[in-house]
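Biologist: Please take a close look at a single loop of this model and at the backbone there. After that, kindly carry the account on to other parts of the chain, with reasons where they can be given.

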Amino acid sequence: MRAFGYTAAGSPAEAVRIAAATPGSTFVAGGTDLLNLMRDGAEAHDHLIDLNALDLDGVDLTPGTLRVGALARMRQVAEHPAVRREFPVLSEALLASASPQVRNMAAIGGNLLQRTRCGYFRDAGSACNKRTPGSGCPALTGHNRGHAILGGSDHCIAAHASDMAVALTALDASVHLLGPGGERDVPVGDFFLLPGSAPTRETAMRPSELITRLDVPRTPLAARSRYLKLRDRATFEFAVVSVAASLRTRGRAVEDVRLAFGGVGTRPWRDVRVEAVLRGRPLSAASITEAGRVLVRDARPREGNRFKVELVQRALESVLGELGGVR
Ligand code: SF4
């Protein structure tokens, strides 16, 4: 690993000040992804700003919002009684992520910013437009079983890796940021960017900005929610396909629904056209099938991941069938 400098920040404002004044710096909290990337040469930073002393680890319910501090640990959030009760999709997504050891260590902010598991990206010896702009994307024609079928470009098809981000997308959460220009909120749906011709830029964050917390609206919809994750082994494995779903019905009619998908998109994937198919109609096997077809209408699968087109539709059938009592 290349040598780097280190500073422990004493406050969020100080962390942002140090970042703005220190070229080549980045923030570190749990370090469960960042340090692996630095060790493997997939990322290089001249200076790490340690956030662990900051008072940003609270999980609090206000009358309208769940507020999750960026330094709260994955396990702490997953097992919080209010999260389990009012946001089961969030708890389930976190518990389906990583391993118990990683969940004890990894911070919520870092979970959002974890990098793709694309093997070419993580192998410093491979070409990769995301790591080295202009070097090419071997995944387009190479090993692409784990890659995205939605939202890709001719420059990158890497799938987004965070289960939690998929749940937060279905919950209409927002990311609270502190930067040199002050504070701002960005909806999770706008936070992650499509790769387009510039796959190095993954989020809407500006230079030196710090995630300080997540805000999740408290709604009856969130309380009836589920996360289904399909993966190659039962633990410590990333999603092949996942679905975060929340549903409100009156009788059999769908009053409201939120759906987001993991493993299939270059960002946590939400398509409001899919929800529109279901809203205002009785939930049935036919309406779920129609919604699934809309979901994959723009899919662009590759040789190794063609199976995801059918798998994600079956996952949608399964989770909505369970939530809505349709079998
Ligand atoms: Fe790199 Fe993206 Fe291609 Fe993977 S899919 S090799 S991350 S450019």
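Modeller: Phe-236 lies in the loop that links β9 (225-230) with β10 (241-250). In this predicted model, Phe-236 has a positive phi of about 50 degrees, although it is not a glycine. As a general matter, most residues other than glycine have a negative phi. A positive value is also found at Ala-98, likewise not a glycine, whose phi is near 55 degrees. Ala-98 belongs to the loop between α5 and α6 (100-105).

The account turns next to one of the helices beside that loop. Helix α5 comprises residues 88-95, and its axis comes within 8 Å of that of helix α9, residues 163-170. The two axes cross at roughly 170 degrees. Angles over 145 degrees count as roughly antiparallel, and α5 and α9 are therefore roughly antiparallel to each other. On the α5 side, the contact is made by Val-89, Leu-90, Ala-93 and Leu-94; α9 contributes Asp-163, Met-164, Ala-167 and Leu-168. By class, the residues of this contact are 7 nonpolar and 1 charged, with no polar residue.

There remains the ligand. The ligand sits in the second largest cavity, where 14 residues surround it. The closest of these are Cys-118, Cys-128, Cys-137, His-155 and Cys-156. The shell around the ligand divides into 10 nonpolar, 3 polar and 1 charged residues.

Definitions and conventions: Residues numbered from 1 in each chain as written. Predicted model: local features only at pLDDT ≥ 70, side-chain atom pairs only at ≥ 80, totals over all residues. Heavy atoms only, no water. Near = heavy atom within 4 Å. 1 Å grid on protein atoms, 1.4 Å probe; cavity = no way out; pocket = protein on both sides within 12 Å on 5 of 7 lines; lining within 4 Å. Sits in = over half its atoms within 2 Å of the grid points. Nonpolar A, V, L, I, M, F, W, Y, C, P; charged D, E, K, R; others polar. Axes fitted to C-alpha atoms, helices over the stretch in contact; angles between N-to-C directions. Helix = DSSP H or I, 4+ residues; strand = E, 2+ residues; numbered from the N terminus. Parallel < 35°, antiparallel > 145°, perpendicular 65-115°, else oblique. Contact = heavy atoms within 4.5 Å.
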